[in-house]
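The following exercises are intended for a reader who is new to this structure. Each task is followed by a solution in steps.

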Amino acid sequence: MDFSMFMAGRVSFGPGVSAKAGELVKAAGAGSALIVTDETMERLGVADRIADQVRKAGIEVAVFAKVEPEPSVETTDAAAALARERKVEAVIGLGGGSSMDVAKAVSVLVTNEGSAANYQGLGLVKNPGVPKIMIPTTAGTGSEVTFTAVLIRKSDGVKGGINSDYLYPDMSLLDPELTVSMPPHVTASTGMDALAHALEAYTSLKASPFSDMFAEEAMLRIGRWLRVATFSGKNIEARREMMLAALFGGVALANAGVTACHALAYPLGGMFGVPHGTANALLLPHVARWNAPASPERFADAASLLGYPQEEDEPDHVAAGFCAEALGDLVEDLGLPATLGDLDVGITKDRLDEMAEKAMGVAKPMENNPRIMTKMDCVTIYREAM
Ligand SMILES: [Fe+2]
């Protein structure tokens with residue numbers, strides 16, 4: 001066994017901790033900052049509240065509130081243009097994974113020339129960025145502790161990650177109170193994204209004792225709290241546990257990677273605009289069922305962690321089957337779309353080949369998958385999900 005451990009910078013956790021943003025920007029030695037966020041955070045007044053707190057620390061603040069749900073290279077370039085024009089010395093990502101991913105990319109675009117598209121790939125960023133501080137308002141993506149920013153190129157609908165150690169956030173402020181206003185369907189789909197990170201990292205060929213520890217803790221919490229957080233949104237204990245689960249899922253993902261479910265979910269976002277968490281939730285039971293025979297012990301353990309314990313004399317290959325069942329039950333209980341047809345975005349059988357082609361192009365997650373997957377297998381899984 002050999003592995004390396006990676007961690008983002010400082011993580012502060014707790015109700016109200018987001019009020020520390022200004023203090024942290026100042027401590028990082030920056031005199032100006034750009035807040036990268038979306039319209040919802042602007043409308044809810046959260047962006048203004050954080051901006052005011054940062055200004056009170058004597059920092060000049062600009063706000064870019066145009067991040068779309070599935071962020072594009074074009075939007076990132078527009079945010080970077082504003083950051084360069086204002087010569088900002090720090091970037092704050094406020095929102096879900098989309099806003100945080102764009103913020104992380106902008107941080108390195110301040111110090112690296114050209115478009116975000118130039119850096120989509122692995123290790124292409126040459127210079128470290130300006131300090132970046134993440135303030136998530138959802139519990140799911142784990143972007144607050146990962147080295148990736150996933151952006152869609154509008155020109156060809158391909159989702160590609162900027163993957164670089166320079167994208168690790170310097171600081172993250174995890175404030176469960178900020179997630180209380182999340183509507184049920186967002187809580188559910190982002191929570192399922194966190195579960196996908198944990199389960200995929202746990203069953204990844206790159207899994208290590210370090211990533212396992214985080215993946216297990218994430219699955220345990222999600223099995224126990226995601227339904228409560230979704231349907232009893234004001235329950236701060238459920239929000240806290242889900243925010244922890246997302247953090248742990250993010251650390252697991254940053255260390256062990258994701259697998260075929262994320263690869264298969266990418267074309268749903270890139271070609272049809274399906275939200276990342278929704279796409280992963282829909283595909284996760286199918287991919288788990290397909291992968292289980294390659295790693296029965298892991299999937300049996302995952303089923304137990306999700307609340308479907310293995311009977312004493314039950315063989316692993318039988319218990320492993322309950323993982324897909326646990327995931328299917330979650331999707332159903334949460335009221336998320338369970339089939340590609342339910343998505344109602346016009347996915348027809350004649351598009352599956354193109355989707356499979358694009359999924360196979362998401363190389364790293366496919367390489368990590370416990371069971372070797374071919375393009376035909378991708379089509380089979382999509383067909384099962386129809
Ligand atoms: Fe994800």
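**Exercise 1.** Is Val-11 buried, partly exposed or exposed? State also where Val-11 is placed and which residues it touches.

*Solution.* The model is a predicted one.
Step 1. Val-11 belongs to strand β1, which covers residues 10-13.
Step 2. Its relative accessibility is 33%. Buried means under 20% and exposed means over 50%, with partly exposed in between. Val-11 therefore counts as partly exposed.
Step 3. When neighbours within four places in sequence are left aside, the contacts of Val-11 are Val-145, Ser-172, Leu-174 and Leu-247.
Step 4. Gly-328 lies 317 residues from Val-11 in sequence, and the two C-alpha atoms are 33 Å apart in space.

**Exercise 2.** Determine whether the radius of gyration of the chain agrees with that of a compact globule, and describe the overall make-up of the chain.

*Solution.*
Step 1. A compact globule of 386 residues would have a radius of gyration near 21 Å. The chain has 20 Å, so the value agrees with the globule rule.
Step 2. Along the principal axes, the C-alpha atoms fill a box of roughly 65 × 45 × 45 Å.
Step 3. The chain contains 16 helices and 9 strands.
Step 4. Of the 386 residues, 59% are buried.
Step 5. Among contacts with a separation of 6 or more, 78% join residues 24 or more positions apart.

**Exercise 3.** Describe the surface of the chain and its charged side chains.

*Solution.*
Step 1. The exposed area of the chain is about 15,200 Å², and carbon and sulfur atoms supply 52% of this area.
Step 2. There are 33 positive and 49 negative side chains.
Step 3. The centres of the positive and negative sets are 7 Å apart.

**Exercise 4.** Which domains does the domain assignment give, and how many residues of each are in contact with the other?

*Solution.*
Step 1. The assignment gives domain 1 as 10-179 and domain 2 as 184-385.
Step 2. Taken over C-alpha atoms, the centres of domain 1 and domain 2 are separated by 26 Å.
Step 3. At the contact between them, 26 residues of domain 1 meet 27 residues of domain 2.

**Exercise 5.** Compile the surroundings of Thr-187, Met-243 and Ala-279, and state whether each is buried or exposed.

*Solution.*
Step 1. Thr-187 is in helix α6, residues 184-203. Its relative accessible area is 3%, so Thr-187 is buried. Beyond its neighbours within four places in sequence, Thr-187 touches Met-182, Leu-226, Ala-229, Thr-230 and Arg-239.
Step 2. Met-243 is in helix α8, residues 236-256. Met-243 is buried because its relative accessible area is 1%. With neighbours within four places in sequence left aside, its contacts include Phe-13, Pro-136, Leu-174 and Thr-179. Pro-267 is 24 residues from Met-243 in sequence, and their C-alpha atoms are 27 Å apart in space.
Step 3. Ala-279 is in helix α10, residues 276-291. A relative accessible area of 1% means that Ala-279 is buried. Apart from neighbours within four places in sequence, Ala-279 is in contact with Ala-265, Leu-268 and Val-274. Gly-269 is 10 residues away from Ala-279 in sequence and 7.3 Å away in space, C-alpha to C-alpha.

**Exercise 6.** Where do Lys-87 and Asp-344 lie, and what is the phi of each?

*Solution.*
Step 1. Lys-87 occupies the loop between α4 (73-85) and β4 (90-95). Its phi is positive, about 50°, although Lys-87 is not a glycine. With a relative accessible area of 66%, Lys-87 is exposed.
Step 2. Asp-344 occupies the loop between α13 (340-343) and α14 (352-360). Its phi is near 60°, a positive value in a residue other than glycine. Asp-344 counts as exposed, at 70% relative accessibility.

**Exercise 7.** Locate Ala-81 and state how far it is from Val-110 in sequence and in space.

*Solution.*
Step 1. Ala-81 lies in helix α4.
Step 2. Its relative accessible area is 40%, so Ala-81 is partly exposed.
Step 3. Ala-81 and Val-110 are separated by 29 residues in sequence and by 8.4 Å in space, C-alpha to C-alpha.

Definitions and conventions. Residues are numbered from 1 along each chain as its sequence is written. This is a predicted model: local features need pLDDT of at least 70, side-chain atom pairs count only at pLDDT 80 or more; totals for chains, interfaces and linings use all residues. Side-chain values use heavy atoms; hydrogens and water are left out. Helices (H or I, at least four residues) and strands (E, at least two) are DSSP runs, numbered from the N terminus. The radius of gyration is taken over C-alpha atoms; the globule rule is 2.2 Å times the number of residues to the power 0.38. Buried means under 20% relative accessible area, exposed over 50%, partly exposed in between (1.4 Å probe, protein chains only). Contact means heavy atoms within 4.5 Å. Accessible areas come from the Shrake-Rupley method with a 1.4 Å probe; for residues, only the protein chains shown count as cover. Lys and Arg count as positive and Asp and Glu as negative; His and the chain ends are not counted. The place of a charge is taken as NZ of Lys, CZ of Arg, CG of Asp or CD of Glu. Domain bounds come from an automatic or database domain assignment.
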